[in-house]
Amino acid sequence: MFTRCGSGAKSWPGLLLCWLALGALGASGGEAPVTQLPLLEKSKRVPWSEAYQKRSVHFNIITNTTQKLADQVSTALEQQYGDFVSRFQIRKEPKEALPIKIFAERAEFKKYSAGTGQGHTEHAAGFFDPNKMEVVLFWSDDPDDVLSTLYHEVTHYFVSLYIGRGNA
């Protein structure tokens with residue numbers, strides 16, 4: 001991947017892939033990047049009707065895991081947003097904060113997904129819905145996988161901002 005970044009990054013998709021491959025999901029403004037999420041004890045999970053929320057300028061994190069996770073995800077995504085806007089010189093701000101729904105259980109994720117018409121989410125860990133303008137994923141008990149999925153799905157949103165459509 002590193003060699004492709006040197007020679008194949010002449011277009012915005014190439015630049016975006018290099019940005020992702022080189023770990024540019026880091027901090028902006030001198031803050032340390034969020035690179036880890038906490039382990040989640042099953043006893044800490046709450047029903048979706050009691051979900052925690054953390055609203056920031058660009059994201060609204062909704063989760064039935066823990067408030068700490070919501071806070072950390074919010075910080076990580078704001079860092080990623082700042083980095084993306086800076087690197088790709090995005091001038092247009094989104095009108096609303098993007099909802100990020102993190103379900104504590106895969107079964108909850110699958111049930112929600114079926115109700116959105118997303119279809120084949122059997123092997124998916126998350127998705128970006130350009131029609132509802134939201135990111136949906138589930139907690140997999142592997143914080144690295146959750147963070148990777150989160151960044152991947154939010155990147156679809158960033159690309160939709162960059163190209164001016166909600167279908168990336």
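This report walks through the sheet, the helices, the cores and the salt bridges of the structure above.

**How to read the model**

The model is predicted, so local features need pLDDT of at least 70, side-chain atom pairs count only at pLDDT 80 or more, and totals for chains, interfaces and linings use all residues. Residues are numbered from 1 along each chain as its sequence is written, and side-chain values use heavy atoms, with hydrogens and water left out.

The term pLDDT is the predictor's confidence in each residue, from 0 to 100. Its mean for this protein is 77, and 68% of the residues reach 70 or more. Two stretches stay under 50: residues 1–15 and residues 17–30. Where pLDDT is low, the predicted coordinates should not be read in detail.

**The sheet and its helices**

Helices (H or I, at least four residues) and strands (E, at least two) are DSSP runs, numbered from the N terminus. Two strands count as paired if DSSP finds at least two bridges between them. Strands of a sheet pair through backbone hydrogen bonds, either parallel or antiparallel.

Here, 5 strands make an open sheet with mixed pairing, in the order β1-β2-β3-β5-β4. Because β1 (52–55) and β4 (126–129) stand at the edges with a single partner strand each, one side of each has no neighbour in the sheet. From one strand to the next, the twist averages 15°. Strand β3 (residues 98–103) pairs with β5 (residues 134–138) in the parallel sense over 4 bridges, and K101 has V136 in β5 as its bridge partner.

Two helices lie across this sheet. Their angles, from 0 to 180 degrees, are taken between N-to-C directions of axes, which are lines fitted to C-alpha atoms, for helices over the stretch in contact (contact means heavy atoms within 4.5 Å). Helix α3 (residues 67–88) crosses β1, β2 (59–63) and β3, at about 155° to β2. Helix α5 (residues 143–163) crosses β2, β3, β4 and β5, at about 15° to β4.

**The nonpolar cores**

A nonpolar core is a set of buried Ala, Val, Leu, Ile, Met, Phe, Trp, Tyr and Cys residues joined through side-chain atoms within 4.5 Å. Buried means under 20% relative accessible area, exposed over 50%, and partly exposed in between (1.4 Å probe, protein chains only).

In the largest core, which has 26 residues, F59, I61, L77, I100, L150 and V154 touch the most other members. Two or more residues each come from β2, α3, β3, β5 and α5, with α3 giving the most, 9 residues. A second, separate core of 6 residues includes F109, Y112, F127 and F138.

**Salt bridges**

A salt bridge is a side-chain nitrogen of Lys or Arg within 4 Å of a carboxyl oxygen of Asp or Glu. The structure holds 4 of them, including these:

| Pair | N to O distance |
|---|---|
| R45 and E105 | 2.6 Å |
| D83 and R87 | 2.9 Å |
| K101 and E134 | 3.1 Å |

R45 lies in the loop between α2 (12–21) and β1, and E105 in the loop between β3 and α4 (106–116), so their bridge ties together parts that are 60 residues apart in sequence. R45 is buried at 14% relative accessible area, while E105 is partly exposed at 31%.

D83 and R87 sit 4 residues apart in helix α3, so about one helical turn separates them. D83 is buried at 7%, and R87 is partly exposed at 48%.

K101 in strand β3 and E134 in strand β5 are 33 residues apart, and both are buried. Together with K132, K101 and E134 are linked in a network of salt bridges.
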